[in-house]
Amino acid sequence: MSDNDKPTNERFIPFFKPSFSNAEEDAVIRVLRSGWLTTGKEAAAFESEFSSFVGSPHCLAVNSASSGLMLAMEAFGVGPGAKILTTPYTFVSTATSARHLGAEVAYADIERDSYGIDPEKVEVALRKDKTIRAIVPVHIAGNLCDMESIREIARRYGVPVIEDAAHAFPSKTENGYAGTLGDAGIFSFYATKTITTGEGGMVAVRDGDVANRIRTMRSHGIDRNTFDRYTSKTASWKYDVVDEGWKCNLPDILAAIGREQLKKANSFFELRSAVARRYTQAFSAFDFLRCPPDGPGNAWHLYLLRFDTDRLDCGRDAIAQELQDAGLGVSMHFIPHFELTWCKKRYGLSSDDFPEAAKKYETTITLPFYPGMDGETVERVIETVTRIACKHARIRP
Ligand SMILES: *Cc1c(COP(=O)(O)O)cnc(C)c1O
């Protein structure tokens, strides 16, 4: 191994790099100098700009998508005695958000040809389990779930659809943006997401009453927001607490970064799409590589490459290690919940229960992928991946 191959080397290609300019720096300084650091004017402006962008009547800024999921579920009545339905192929907080409310999690497998929840399995689950009170589809890597089928099933069973759109901004379809296709949608501004505030999230909801409930519960259950308390003519100490809420507001320092990132969301998307097109063009020449599903409105958050391990002399883990050793910051989205100790203990599930999720998990690697990737870096990823995969390819009879 030469020096150039070490992950610590500057030639190491990370899995993600955020793109900031002077605009974000100026925004942070503006907020610091204003003297108002917590949720205030910047957060309100971010909410209204985000609302206009995605075309949702109500957008509520929160300190993470995980908080947003919990708040949205709570507002739709998810609690003790209820379940949410999602897939095991997602980040853990899609499920633990429901557990924090005392609700349980039911799982349906993903589709054969995508990482999205399988609508047929959603219907089977709803038919047999009347305690399911919300469907939570996850648009893995930015590729959308079959929302039309899911919405149609949800309507028939009278349950809300809460989209985990953490990967799906800005995913535009003929029916609107992902995150506005169901009853609520949750976006993430975590450090590696398509736009970032370091930590943060946004909840988009259709219904005004649901929005009001989330607004109250994200702020201790207080019926009056902090900014109003300190800026209106009514005395600032006057407020009531109407229920046991949480602390999930987005501070203005982060909201100001979010406003700048939002302006660049479309150009970031174009840059990622160009990298994805080049990857797919290069990888589709090899029949033991499977390019990611690419349906209408794909936001291209991540590039999930699959390795047909039946045609290789080793498994996904060995390939991933070699890629890492060769200087690529690879990742895995996601370790399915049935592989996690928490889920095994709570629900006793295993890979046998979810053959499609299990198969994807055994064969998928997330490649370095971000908007600021230059052409040379993209070509180096392609060269490294194809060289290592070809070395392990079995010669077919
Ligand atoms: C990142 C992510 C979340 C959680 O987002 P946070 O903002 O970090 O809480 C939820 N679901 C999915 C699918 C994610 O990738």
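User: In this predicted model, which atom of the ligand is paired with the side chain of D164, and at what distance?

Analyst: A nitrogen atom of the ligand sits 2.8 Å from an N or O atom in the D164 side chain. To read a pair like that, check it against the cut-off: a polar contact is a pair of N or O atoms within 3.5 Å.

User: Which ligand atoms pair with the side chains of S66 and K193?

Analyst: Oxygen atoms. For S66, a ligand oxygen is 2.6 Å from a side-chain N or O atom. For K193, the distance from a ligand oxygen to a side-chain N or O atom is 3.1 Å.

User: How much of the ligand does the protein bury?

Analyst: On its own, the ligand exposes 380 Å², and the protein buries 92% of that.

User: And which elements give two or more residues to the shell around the ligand?

Analyst: Those are α3 (65-75) and α4 (93-99).

User: Which residues of the shell come nearest, and how does the shell divide by residue type?

Analyst: There are 16 residues around the ligand, and S66, D164, H167, S188 and K193 come nearest. By type, the shell has six nonpolar, eight polar and two charged residues.

User: Let's move to helix packing. How are two packed helices described?

Analyst: By the angle between their axes and the distance between the axes. Here, take α1 (residues 22-34) and α9 (residues 252-263): their axes come within 8 Å and cross at roughly 150°. Angles over 145 degrees count as roughly antiparallel, so α1 is roughly antiparallel to α9.

User: Is the crossing of α1 and α9 left-handed or right-handed?

Analyst: Right-handed.

Notes:
Residues numbered from 1 in each chain as written. Predicted model: local features only at pLDDT ≥ 70, side-chain atom pairs only at ≥ 80, totals over all residues. Heavy atoms only, no water. Near = heavy atom within 4 Å. Polar contact = N/O pair within 3.5 Å; in protein donor to acceptor, adjacent residues only side chain to side chain. Areas by Shrake-Rupley, 256 points an atom, 1.4 Å probe, with all protein chains shown as cover. Helix = DSSP H or I, 4+ residues; strand = E, 2+ residues; numbered from the N terminus. Nonpolar A, V, L, I, M, F, W, Y, C, P; charged D, E, K, R; others polar. Axes fitted to C-alpha atoms, helices over the stretch in contact; angles between N-to-C directions. Parallel < 35°, antiparallel > 145°, perpendicular 65-115°, else oblique. Left-handed = near helix turned anticlockwise from the far one by under 90°.
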